[in-house]
Structure formats: structure tokens, C-alpha cells
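The following questions and answers examine one protein model, step by step. Please keep the sequence and the structure in view while reading.

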Amino acid sequence: MNVLTIFLFFLLAVCSPVLGRGQRCRSSKQCDYESVCDYGYCYTIDEMFEKQHILSMSPPLLIKNGTVVNEDSMFKADVLVSNGIIQEISSSIIALPEMEVIDATDRFVIPGGIDPHTHMQMPYMGEVTKDDFLKGTEAAVAGGTTMIIDFCCPDHRNGESLTDGYKKWRGWADPKVCCDYSLSVAITMWRPETAEQMAIITSPEYGVNSFKFYMAYEGTLMVHDDELYRGMQECAKLRALARVHAENGKVIKEREIDLLKQGVTGPEGHTQSRPEEIEAEATNRACVLASQANCPLYVVHVMTRGAAAAIAHHRAQGAIVFGEPIAAGLALDGSHYYDDDWLHAARYVMSPPLSRDPTTPELLMKLLAAGELHLTGTDNCTYDCRQKSLGKGNFTKIPNGINGVEDRMSVVWEKGVHSGIIDPMRYVSITSATAAKIFNIYPKKGRIAVGSDADIVVFNPNAYRTISKNTHHHNLDFNIFEGIKCHGVAEITISRGRIVWANGKLQTVPGSGKFVPLSINSPFVFASHEKREEKKKPKIVERLE
Ligand code: URP
Ligand code: ZN
């Protein structure tokens with residue numbers, strides 16, 4: 001081979017790199033001759049064939065002898081599923097040879113969980129969360145969750161448009177998701193073009209009906225009050241839901257500096273930089289701003305008594321505010337931050353922090369029972385031990401985030417139903433139905449009904465599992481719920497009419513989940529909006545002079 005030939009080979013390789021299986025692609029021409037490009041990734045022909053084959057081969061499923069649980073009723077019935085949809089619910093359906101029969105005797109047949117708050121594969125604090133859309137949705141279905149609403153965070157501060165960020169997230173998620181998903185878009189700065197971009201992204205073409213505003217993380221994600229107020233006004237105009245992460249980013253920043261100066265460098269500094277009243281103050285402020293903007297509000301991860309009280313106070317004034325506690329907040333308290341083992345303490349670092357009051361987890365569950373709080377999420381945002389260790393010597397550098405998507409359904413059952421605080425119907429309400437209503441996909445999701453999507457869980461209230469990193473499906477080397485014994489086990493998970501989890505084994509196909517577009521103007525949120533707007537119209541006094 002002479003020098004010229006080598007050079008030509010080199011040129012060819014550089015100019016048109018051939019992509020192997022699993023690599024990102026824009027068209028099949030880029031993949032090697034054995035692969036095709038599907039939703040941005042190269043797959044071998046065999047993989048594509050298997051994917052299509054599995055998806056098309058799914059037999060009708062007949063779930064027999066179970067107790068169907070919806071948010072408003074419980075009754076014994078058989079449920080027939082085919083083509084991804086619930087076809088029939090009646091007291092006795094005769095099994096035909098082509099059907100796969102699932103015996104649900106002594107089991108509940110419930111809508112698959114909807115987790116309205118996840119951060120899969122999210123780039124933040126210089127790291128990317130460990131659960132990508134594959135591992136994250138595998139963990140979800142292994143725990144009985146069949147839909148996630150993930151946060152898309154465009155780099156809007158540096159000029160990235162909301163739609164470009166959205167396309168990036170779709171590119172990451174579509175080829176990997178093993179259950180359905182939707183996106184909620186974060187607005188991290190108010191720019192001249194923001195309002196117009198919000199309008200575009202709420203169109204049916206994009207299917208986004210909520211926006212998130214951070215009142216924390218000054219200098220990166222945080223918006224200031226005027227920006228938040230503008231954003232809320234825009235949400236109200238578009239009939240999109242405003243969601244807030246309620247903390248006081250500026251005060252936190254000051255406290256962090258003070259604590260570091262005083263030599264508090266470990267994870268205990270994280271909780272001390274964010275006293276509970278800081279979350280309460282910001283929650284109240286968000287409610288006031290939302291009221292001024294006549295904008296319904298959704299407060300993510302309500303962690304403390306004071307924040308919950310602020311929501312209750314504003315609801316009593318007639319405000320439309322929804323409060324979302326998360327699995328971690330319902331099961332754990334902030335004593336972990338003071339653990340002698342640095343790494344143990346760092347694993348629990350999230351914002352707002354777990355409550356310092358050990359009675360808070362039960363209180364939050366009681367507020368869910370009372371209807372003062374409304375639905376449960378997880379804030380699944382996983383950083384592993386290596387990533388957490390980046391904050392050794394400075395707690396402000398510990399990546400914020402915890403796991404939850406796999407364990408939420410069991411944790412909420414254990415702390416809610418098994419402990420006697422809520423009944424199975426309320427359980428369905430706070431794990432799927434209310435989320436489906438708020439995000440305008442009810443009863444397609446969140447209900448066992450004829451015509452609804454066949455996202456179903458066969459749930460055994462008598463079985464129990466002990467949560468452990470050794471058995472979970474997260475891409476994570478620890479689990480914040482390690483050792484917690486939970487009654488209530490998702491034995492079989494069905495996504496779009498196909499079994500994706502059974503007998504303790506995943507049967508997932510990457511990319512088999514679908515993006516679910518969410519439309520604006522959810523009646524559950526906005527049905528009284530026009531009347532409220534009329535009442536808020538400015539008054540003009542006509543004078544003669
Ligand atoms: O600690 C948290 N909540 N991590 C996720 C990032 C965020 O705050 O949304
Ligand atoms: Zn979050």
C-alpha cells in the first residue's frame with residue numbers, strides 16, 4: 001500500500017465515518033451496511049426485525065378474576081386487552097385460544113402509574129444523570145409505572161430555543177423509551193423570544209402543555225420574580241400549566257457562602273443552607289405571583305409542612321394550586337444528611353432537602369389523603385457515587401438528585417394503603433388518575449375503562465419486597481430506599497397492551513414507548529379560567545371631566 005492509498009483511506013474514513021450498531025445517526029446511509037437508522041440510532045437488521053416482530057406479535061391479554069381499582073370504584077371483573085387498548089370489562093369473559101390469560105385472583109388490577117416528575121439523562125452541574133431513557137423507563141415499568149413526564153431543559157440562557165431543546169430531548173428519548181412519555185419544558189430565563197416560543201411549543205405539533213420555573217439554582221436554572229410572573233402570565237394566556245420548584249435561590253446562595261466560611265463543607269451544609277421556611281416562603285411567593293397572573297399552579301416536590309400549609313392557605317382562598325410530594329419525601333427524613341459516612345449523606349442530597357422533621361413523611365401522606373396535596377412524583381434524577389463524590393470538600397458541588405421512579409408505587413402503597421391512611425382508590429388517584437387529569441390525558445391514561453390505553457398493573461397487595469440496589473433496575477450504585485420493606489408489589493406491568501414486566505423479569509423493547517402529546521386547556525385545570533379572568537378585569541371609572 002503506498003502513501004497515497006493510505007491517505008485516501010484516511011480521507012474516506014474521516015469524511016464519511018461508518019456508524020456501528022447503537023451509534024447516533026441521521027440517516028441509514030451513515031450506518032454500516034448491516035444496520036439501519038431508526039429514531040436517531042443505528043440498529044442491526046436483526047434487531048429491527050426482532051423489535052417489529054415482538055411489537056406486532058403481542059397476543060390479546062385476558063386478565064381474569066382480579067379486582068379492578070379506579071379512583072372512584074373497586075369491583076371484581078375480567079379485563080380484555082388487544083391492540084394496545086382495553087376492549088372489554090365484565091364479570092366474566094370467556095378465554096379464547098389466541099388469548100394469553102393472566103390469573104389476577106387476590107390481585108388488584110390498577111392503571112399503570114404515571115410519574116409526572118423525572119429527569120432522565122439530564123445534563124446538569126457538569127454531569128449527566130445516570131438513568132437514561134432506557135434504564136429509567138425499565139426501572140419505571142419494573143415498579144409498575146407505565147408513563148413518565150420528563151423535564152426538558154433547553155439551554156435557553158445561552159440562546160437555545162425551546163423547540164431545539166425539545167428536539168434534542170426527543171432524539172434522546174424516542175429510540176430508548178420502554179413506556180410512554182411526555183415532556184414538560186423548563187424556562188430558565190425570560191428572553192425577548194420566549195413568549196413566542198412558548199406558543200409554538202404548546203401547539204399540537206409539539207404537544208407540550210406545561211412549563212417549569214426554577215426559583216432555585218441562581219445563575220443556572222433560576223428565574224427571578226419578574227421573569228416568573230411574565231412566564232405565569234404567558235402560561236395563563238396559552239392555557240398551559242405553570243410548575244414551580246419553590247425555593248429562595250438568592251438566600252440559599254448567601255447561606256452557602258456563610259456555611260463554607262464557617263467550615264461546614266459536608267452534606268450537612270446542604271440542608272443547613274436551605275432551612276424549611278425557605279421552601280415555605282418560596283411556595284407562598286409562587287402562589288401569590290400565580291394569583292396575580294391568574295395562573296393555575298403546580299408545585300413540584302412539596303417536601304415540608306410549611307410548603308404544604310402555603311398551598312392549603314391559597315387553595316382556601318380559591319386558588320387553583322396542585323401540590324406534588326415525592327416518594328423520597330413520603331418515606332425518608334433529613335437525618336441522613338448528618339450521617340457519619342460522607343458518601344451515605346451525599347446520596348440524599350436533593351433540593352429542596354428531605355424534611356428535618358421526622359413527622360413530615362406521614363403528614364404529607366395525610367395531606368394526600370385529605371386532598372390538600374394531590375399527586376405523587378419522584379424527581380428521579382440519579383447521580384452515582386462517583387458523581388456525588390465531586391462534592392467532597394464543598395457540599396455545593398454535590399450533584400442534586402435522588403432515585404424513585406422504580407419504587408414510588410411500592411413506597412406509596414406501604415406508607416399510604418398498608419399503613420391505613422388511604423384506600424386503594426385514593427392510591428390510584430395519587431399515582432395515576434390525577435396526573436392524567438392535570439396533564440389532559442384522562443381517561444386515555446389513569447383509568448381502567450373500555451377504550452383506555454392498556455397501561456395496566458397487576459398489583460399484589462399481600463406480597464412484599466425489600467428495596468435494594470442489588471435488585472433494582474436503575475443504572476445506579478445505591479438506592480436511597482435501601483432496606484425498606486414494602487408491601488404492595490407490581491407483579492405484572494402491561495404497557496400499551498404488551499407485558500413488559502412479569503415474574504421478576506423485564507420484557508422491554510427499547511423505543512416501544514411512544515411520545516404522548518399533551519394538549520393545552522385541560523378542563524381539570526382551566527374549566528373556570530374564563531370566569532376568573534372576567535372577575536380580574538381592571539375596573540375603569542368613567543368620569544365626566
Ligand atoms: O435535587 C433535585 N431536585 N434534582 C433535580 C434537579 C432539579 O432540582 O430539578
Ligand atoms: Zn426535579
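A residue is called buried when its relative accessible area is under 20%, exposed when it is over 50%, and partly exposed in between. The model discussed here is predicted.

Q: Is Leu228 buried or exposed?
A: Leu228 is found in helix H6, which spans residues 225–238. Its relative accessible area is 1%. Because the cut-off for a buried residue is under 20%, this value makes Leu228 buried.

Q: How far apart in space are Leu228 and Phe213, C-alpha to C-alpha?
A: Not counting residues up to four places away in sequence, Leu228 touches Phe213, Met215, Val223, Val244 and Leu289. Phe213 is thus one of the residues that Leu228 touches. The two are 15 residues apart in sequence, and their C-alpha separation in space is 6.7 Å.

Q: Which residues of helix H13 are buried?
A: Helix H13 covers residues 360–370. An α-helix has 3.6 residues a turn, so residues three or four places apart point the same way. What covers the buried residues of H13 includes helices H10, H11, H15 and H16. The buried residues themselves are Thr360, Pro361, Leu363, Leu364, Met365, Leu367 and Leu368.

Q: What is the phi of the residue that follows H13?
A: The residue that follows H13 is Gly371. Its phi is positive, with a value near 85 degrees.

Q: Is Trp169 buried or exposed?
A: Trp169 lies in helix H4, residues 162–173. Leaving aside neighbours within four places in sequence, its contacts include Met120, Phe133, Phe151 and Leu183. The relative accessibility of Trp169 is 1%, and this residue therefore counts as buried.

Q: How far apart are the C-alpha atoms of Trp169 and Glu227?
A: Along the chain, Trp169 and Glu227 are 58 residues apart. In space, the separation of their C-alpha atoms is 24 Å.

Q: Where does ligand 1 sit?
A: The residues around ligand 1 include Lys212, Tyr214, His301, Asp379 and Asn400. Also among them are His119, Tyr217 and His245. As for its place in the model, ligand 1 sits in the largest cavity.

Q: What percentage of the area that ligand 1 exposes when taken alone does the protein bury?
A: A polar side-chain atom of His119 lies 3.2 Å from an oxygen atom of ligand 1. An N or O atom in the side chain of Tyr217 is 2.6 Å from an oxygen atom of ligand 1, and for the side chain of His245 the corresponding distance is 3.3 Å. Taken alone, ligand 1 exposes 260 Å², and the share of this area that the protein buries is 100%.

Q: What is the omega of the cis peptide bond from Ser351 to Pro352?
A: Pro352 is found in the loop between H12 and H13. Ser351 is one of the residues around ligand 1. The peptide bond that joins Ser351 to Pro352 is cis, with omega near -10 degrees.

Q: What is the omega of the cis peptide bond from Tyr442 to Pro443?
A: Pro443 lies in the loop between H16 and strand E17. The bond that leads to it from Tyr442 is cis, and its omega is near 5 degrees.

Q: Is His336 buried or exposed?
A: His336 lies in the loop between helix H11 and helix H12. Apart from neighbours within four places in sequence, it is in contact with His344, Ala345 and Tyr348. Its relative accessible area is 19%, and because the limit is under 20%, His336 is buried.

Q: Is Asn503 buried or exposed?
A: Asn503 is placed in the loop between strands E19 and E20. It has a positive phi of about 50 degrees, although it is not a glycine. Its relative accessibility is 72%, and a value over 50% is required; Asn503 therefore counts as exposed.

Q: What is the relative accessible area of Met125?
A: Met125 lies in the loop between strands E9 and E10. Its phi is near 55 degrees, a positive value in a residue other than glycine. Met125 is partly exposed, with a relative accessible area of 30%.

Note on methods. Residues are numbered from 1 along each chain as its sequence is written. Chains are lettered from A and ligands numbered from 1 in the order in which they are written. This is a predicted model: local features need pLDDT of at least 70, side-chain atom pairs count only at pLDDT 80 or more; totals for chains, interfaces and linings use all residues. Side-chain values use heavy atoms; hydrogens and water are left out. Helices (H or I, at least four residues) and strands (E, at least two) are DSSP runs, numbered from the N terminus. Buried means under 20% relative accessible area, exposed over 50%, partly exposed in between (1.4 Å probe, protein chains only). Contact means heavy atoms within 4.5 Å. A residue is near a molecule or strand if one of its heavy atoms lies within 4 Å of it. A polar contact is a pair of N or O atoms within 3.5 Å; within protein, one must be able to donate a hydrogen and the other to accept it, and residues adjacent in sequence count only if both atoms are side-chain atoms. Accessible areas come from the Shrake-Rupley method with a 1.4 Å probe; for residues, only the protein chains shown count as cover. On a 1 Å grid over the protein atoms alone, a cavity is a set of points where a 1.4 Å probe fits but cannot get out, and a pocket is an open set with protein on both sides within 12 Å along at least five of seven lines; lining residues have an atom within 4 Å of a point. A molecule sits in a cavity or pocket if more than half of its atoms lie within 2 Å of its grid points.
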